[in-house]
Amino acid sequence: MHMPYAIHALELGPMENFVYLIHDRSSDTAAVVDPAWDVDQVIALAEREGARITDILLTHSHHDHINGIEAVLTRFDAQLHLLKAEAQFWGRELQRPTLHHGGDPIQLGETPIEVLHTPGHTPGSACYRIQDQLITGDTLFVFGCGRCDLAGGNPEQMYTTLRRLRAGLPAHTRIHPGHNYAEKPTSTLEEQIEGNPFLGFERVSDFVHYRMHEHDRIRSTPYRPVHGPEAFS
Ligand SMILES: [Fe+2]
């Protein structure tokens, strides 16, 4: 079924963040995912598209994903969405946010968005599914995944989260990550299952060791695909 929406990506700021604009064409409303850095560019994009920003979706509360919230709110009366678990972890006073649980629907005009709870990078990290597209924040990168050694990180949870994404979503699902850490900005789940080393582990202990002790020693950006068992030896 054709859905009347478009997802636009802007790479902004010194940490190669992707800020996404989900535009529902039926209502000409838009949601900004992780507003940060140069919000003027996000607003200019929305204006070019003829869309009014009505919602802000957060994948998680790290500074590089949220430092543009106020700049959006001074221009638009937008509703802020995040997982309740992330709001509790963050501890910041927020003005009437909508606090979600995993599986909740968000309706943007005629475009349905599903909130997935994907802990591991932070306790309340979220991915947002729009039909066969998935905005993944710092949970899943193209050929990488979010680090689990910062406050609130948990590699065992990340292992479970990635297994669930792998098992629960169609292979053709398009991945839109929170940072531009590879040689291309997006990928499919199928391509990630084949070449993302973090999706290849069968044992949680192997995943945890690789994420916490091996990975950053042996790989650097731009991440390239890793094939075969040598990746996990
Ligand atoms: Fe982060």
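The following exchange concerns the iron site and the aromatic pairs of a predicted model.

Visitor: Which residues coordinate the iron ion?

Guide: The donors follow the spacing H-x1-H-x58-H-x16-D along the chain. Their atoms are NE2, ND1, NE2 and OD, in that order, at 2.2 to 2.4 Å from the iron ion. The residues that coordinate the iron ion are H60, H62, H121 and D138.

Visitor: Why is the arrangement of the four donor atoms around the iron ion irregular?

Guide: Four donors count as tetrahedral if all angles lie between 85 and 135 degrees, and as square planar if opposite donors are over 155 degrees apart and all others between 65 and 115. Around the iron ion the arrangement counts as irregular because of the angles that the four donor atoms subtend, which are 88 to 176°.

Visitor: Where in the chain do H121 and D138 lie, and how many residues apart are they?

Guide: Both of these iron donors are buried, and the pair links distant parts of the chain. H121 is in the loop between β8 (111-117) and β9 (126-130), whereas D138 is in the loop between β10 (133-137) and β11 (140-141), and the two are 17 residues apart.

Visitor: Which side chain of opposite charge is nearest to D138, and how far away is it?

Guide: A salt bridge would need a side-chain nitrogen of Lys or Arg within 4 Å of a carboxyl oxygen, and D138, although buried, has none. The side chain of D138 does have a polar contact of 3.3 Å with that of H179. The nearest side chain of opposite charge is that of R147, at 8.8 Å.

Visitor: How are the rings of Y181 and Y223 arranged as an aromatic pair?

Guide: This is one of eight aromatic pairs found in a search of the whole structure, and the ring centres lie 6.2 Å apart, with 85° between the planes. The pair links distant parts of the chain, with Y181 in the loop between β13 (174-177) and β14 (187-188) and Y223 in the segment after α7 (204-218), 42 residues apart. Y223 counts as buried, at 11% relative accessibility. The arrangement of the pair is edge-to-face.

Visitor: What kind of pair do the rings of F201 and Y210 form?

Guide: F201 counts as buried at 5% relative accessibility, and Y210 is buried with a relative accessible area of 5%. Ring pairs link both residues into a cluster with Y159, F198 and F207. Because the centres of the F201 and Y210 rings are 5.1 Å apart and their planes are at 45°, the pair is tilted.

Methods: Residues are numbered from 1 along each chain as its sequence is written. This is a predicted model: local features need pLDDT of at least 70, side-chain atom pairs count only at pLDDT 80 or more; totals for chains, interfaces and linings use all residues. Side-chain values use heavy atoms; hydrogens and water are left out. Donors are N, O and S atoms within 2.8 Å of the metal (3.2 Å for Na, K and Ca); water is not among the atoms, so sites may look incomplete. Four donors count as tetrahedral if all angles lie between 85 and 135 degrees; four count as square planar and six as octahedral if opposite donors are over 155 degrees apart and all others between 65 and 115; anything else is irregular. Helices (H or I, at least four residues) and strands (E, at least two) are DSSP runs, numbered from the N terminus. Buried means under 20% relative accessible area, exposed over 50%, partly exposed in between (1.4 Å probe, protein chains only). Rings of Phe, Tyr and Trp (its six-membered ring) pair if their centres lie within 6.5 Å; planes under 30 degrees apart count as stacked, over 60 as edge-to-face and the rest as tilted. Lys and Arg count as positive and Asp and Glu as negative; His and the chain ends are not counted. A polar contact is a pair of N or O atoms within 3.5 Å; within protein, one must be able to donate a hydrogen and the other to accept it, and residues adjacent in sequence count only if both atoms are side-chain atoms.
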